[in-house]
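Reader: I should like to learn how the features of a model such as this one are to be read. Might we go through them one by one?

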Amino acid sequence: MSVLVFIDIADGQIKKASFEAACYGAQTAALLGTNAEAIVLGTCDADLAVLGQYGISKVHTVADPKLNHFDSQVYTKVIAEAAANADVIVFSNNTTGKAIAPRLSARLKAGLVTGAVALPDVSAGFVVKKSVFSGKAFANIGINSAKKIIALNPNAFNISKVEGTAEIAVFNTEIPASAVNVVSVNKVTGEVPLSEADIVVSGGRGLKGPENWGLVTDLAKLLGAATACSRPVADIHWRPHHEHVGQTGLAIAPNLYIAIGISGAIQHLAGVNRSKTIVVINKDPEAPFFKAADYGIVGDAFEVVPKIIDAVKKLKGMS
Amino acid sequence: MKILICISKTPDTTAKIAFTDNNTKFAADGVQWIINPYDEWYSLVRAIELKEADPSVVLHLVNVGGADSEPIIRKALALGGDEAIRVNADQSDSYFTATQIAQIAKEGSYDLIFTGKETIDYNGSSIGGMIAEILDLPFVSHAVKFDLAGQQSTIVREIDGGEETVQANLPLVVSCQKGMAEQRIPNMKGIMGARTKPLKVIEPATSEILTTVVAFDLPPAKAGVKLVSADNPEELVRLLSEEAKAI
């Protein structure tokens, strides 16, 4: 009986969302009076013993290069074997977790809650709070089965470190052949992934054209932030689709969301309203976004944003 | 070739989100219901495009829902589905729903099963993966592009921080999102034709129910926006640093 956390590796490094999942798994294990262990699939150079600092006692590795390309069917079979003694299995609710967790749920007949935002309530049964209606509400879901699977939303759970080193153990198993052949991978490197970013700077049609995006990217670079955009901006190809946040795009929950020239239609708010602090810069004082914001400036982005950039530089001692 | 397209009924994207019965039920009064946008705009329309390219393709729709799902099923038929099956049950638990669809998929021996990447109400992203596992089929999630040459599909899928291109042979399960296709509006011929297309209603197969909704909550209301003068953006940076501790 234990908690098993799936650790997702990107570019040889443990993803931030997986550190969150590790802490979540460790604290869930503490509630249940058991240990949290982790599993890592594929070859990886990252120091896995460091997971001990996130509350993981033991890391199971399956360092087979066949696992370096992701296939949900193969991953599910391997994780199902490793999870034979686990009562709770934790994933991050990112694209990898969303592809494996439901398969594993069906395979193990383990009730699944995706999009979890808080530790389970184990006082009566096993109830997990999750985000629903694209961030506009929460649902508390009871899991009835003996085995349980939780996929934790990125940026929903604070990382807290402890002293410790995780033991590394090789998990031996037969890796089945994959029916999905990866032809090419196209990753934006050197940029902060939008779903994991602490700060996101986002632009809308108020910026008038893609040639003005320097305002957004300069401020983002200065803040170590990811960039995003509203749906119309992606639809008219000013920015790539993967930057579109909102109801039909990506739902994000950064610590700080700065919206420049976005009016704040309800569909846009659905993708960003879990952000901790929202700043809106818009020249229209009636823009609905101000109602959902924590801080706002009614003004012309082309005048205001350069001044903000200067003030941030001053704050960071860069000028 | 036979494609099974899973469609779900969701509240309109602008619907007010509120709950009744001691916060255990969605307040459906006055809510307009739509086909889940991911199911309609991306998965169904892409399937219709495949049929347009090859008229021998057959498109079957499946919905797990009550009789109140029929308007959205008729709309999907008006857009271009050939036939529909409604499993007469509430969509309470994703495993239950996936079991129903997997049963139909098995009996109908489909080459391809399309789902949306998630529903905009429950945000579960679960049905496609569960169906694939129950049927022991490959599953490609978050597809933004789907092409077919004979039995081989080439799919571009979103991954964290980018995209990857994969190839897989049919049969398989694909979850679809933005990029797959563009939204369409049904035309009059489609709407008239949809009235007479077959819509079969079947009773659910027995299945375990692994999860139950205990209660819903609404997030606490925001305290209200603090406005800073456009002449003094330095003040905004100070507040973000000292008060919000966000930078």
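Author: Let us begin with surface. Accessible areas come from the Shrake-Rupley method with a 1.4 Å probe, and for residues only the protein chains shown count as cover. In this predicted model, the accessible surface of chain B comes to about 10500 Å², of which 51% belongs to carbon and sulfur atoms.

Reader: What confidence does the predictor give to chain B, and what scores does it give to the complex?

Author: The general caution is that where pLDDT is low, the predicted coordinates should not be read in detail. For chain B the average pLDDT is 96, and 100% of the residues score at least 70. The complex receives an ipTM of 0.96 and a pTM of 0.93.

Reader: How is chain B built overall, and how many helices and strands does it have?

Author: Chain B has six helices and 15 strands. Along the principal axes, its C-alpha atoms fill a box of roughly 65 × 45 × 40 Å. Of its 247 residues, 55% count as buried. Sequence separation adds to the picture: among contacts in chain B with a separation of 6 or more, 68% join residues 24 or more positions apart. As for charge, chain B carries 23 positive and 34 negative side chains, and the centres of the two sets lie 5 Å apart.

Reader: What is the domain assignment of chain A?

Author: The assignment gives domain 1 (3-170) and domain 2 (194-315). Two values describe how these domains of chain A are placed. Their C-alpha centres lie 31 Å apart, and 11 residues of domain 1 are in contact with 13 residues of domain 2.

Reader: How does one judge whether a helix is enclosed? Which residues of α2(A) are buried?

Author: One counts the residues under 20% relative accessible area, which is the cut-off for buried. Helix α2 of chain A spans residues 72-82, and eight of its 11 residues are buried, so this helix is largely enclosed by the rest of the structure. The buried residues are A:Ser72, A:Gln73, A:Val74, A:Tyr75, A:Thr76, A:Val78, A:Ile79 and A:Ala80.

Reader: How many residues of helix α4 of chain B are buried, and what follows α4(B)?

Author: Helix α4 of chain B (residues 127-135) is mostly covered, with seven of its nine residues buried. These are B:Gly128, B:Gly129, B:Met130, B:Ile131, B:Ala132, B:Glu133 and B:Leu135. After α4(B) comes B:Asp136, whose phi is positive, near 55°.

Reader: How should such a backbone angle be read, and which other residue has a positive phi although it is not a glycine?

Author: Most residues other than glycine have a negative phi, and most peptide bonds are trans. B:Asp136 departs from that pattern, being a non-glycine residue with a positive phi of about 55°. B:Asp136 lies in the loop between α4 and β9 (139-149) of chain B and, at 45% relative accessibility, counts as partly exposed. B:Asp21 is also not a glycine, yet its phi is positive at about 50°. B:Asp21 belongs to the loop between β3 (19-20) and β4 (25-26) of chain B, and is partly exposed with a relative accessible area of 48%.

Reader: Where is the peptide bond that is cis?

Author: The bond runs from B:Leu170 to B:Pro171, with omega near -5°. B:Pro171 is placed in the loop between β11 and β12 (172-176) of chain B.

Reader: Strand β11 has now been named. Is B:Thr165, in that strand, buried or exposed, and what is it in contact with?

Author: B:Thr165 is found in strand β11 (residues 162-169) of chain B. Buried means under 20% relative accessible area; B:Thr165 counts as buried because its relative accessibility is 19%. Leaving aside neighbours within four places in sequence, B:Thr165 is in contact with A:Asn181, A:Val182, A:Val183 and A:Ser184 of chain A, and with B:Thr154, B:Ile155 and B:Val156 of chain B.

Reader: What does B:Trp33 contact, beyond its neighbours in sequence?

Author: B:Trp33 is found in strand β5 (residues 33-35) of chain B and is partly exposed, with a relative accessible area of 31%. Beyond four places in sequence, its contacts are B:Lys9, B:Thr10, B:Pro11, B:Phe26, B:Ala28 and B:Ile72. B:Ile72 is 39 residues away along the chain, while the two C-alpha atoms are separated by 7.6 Å.

Note on methods:
Residues numbered from 1 in each chain as written. Chains lettered and ligands numbered in written order. Predicted model: local features only at pLDDT ≥ 70, side-chain atom pairs only at ≥ 80, totals over all residues. Heavy atoms only, no water. Helix = DSSP H or I, 4+ residues; strand = E, 2+ residues; numbered from the N terminus. Buried < 20%, exposed > 50% of the residue type's maximum accessible area, 1.4 Å probe, protein only. Contact = heavy atoms within 4.5 Å. pLDDT = per-residue confidence, 0-100. Lys, Arg positive; Asp, Glu negative; His and termini not counted. Charge placed at Lys NZ, Arg CZ, Asp CG, Glu CD. Domains from an automatic or database assignment.
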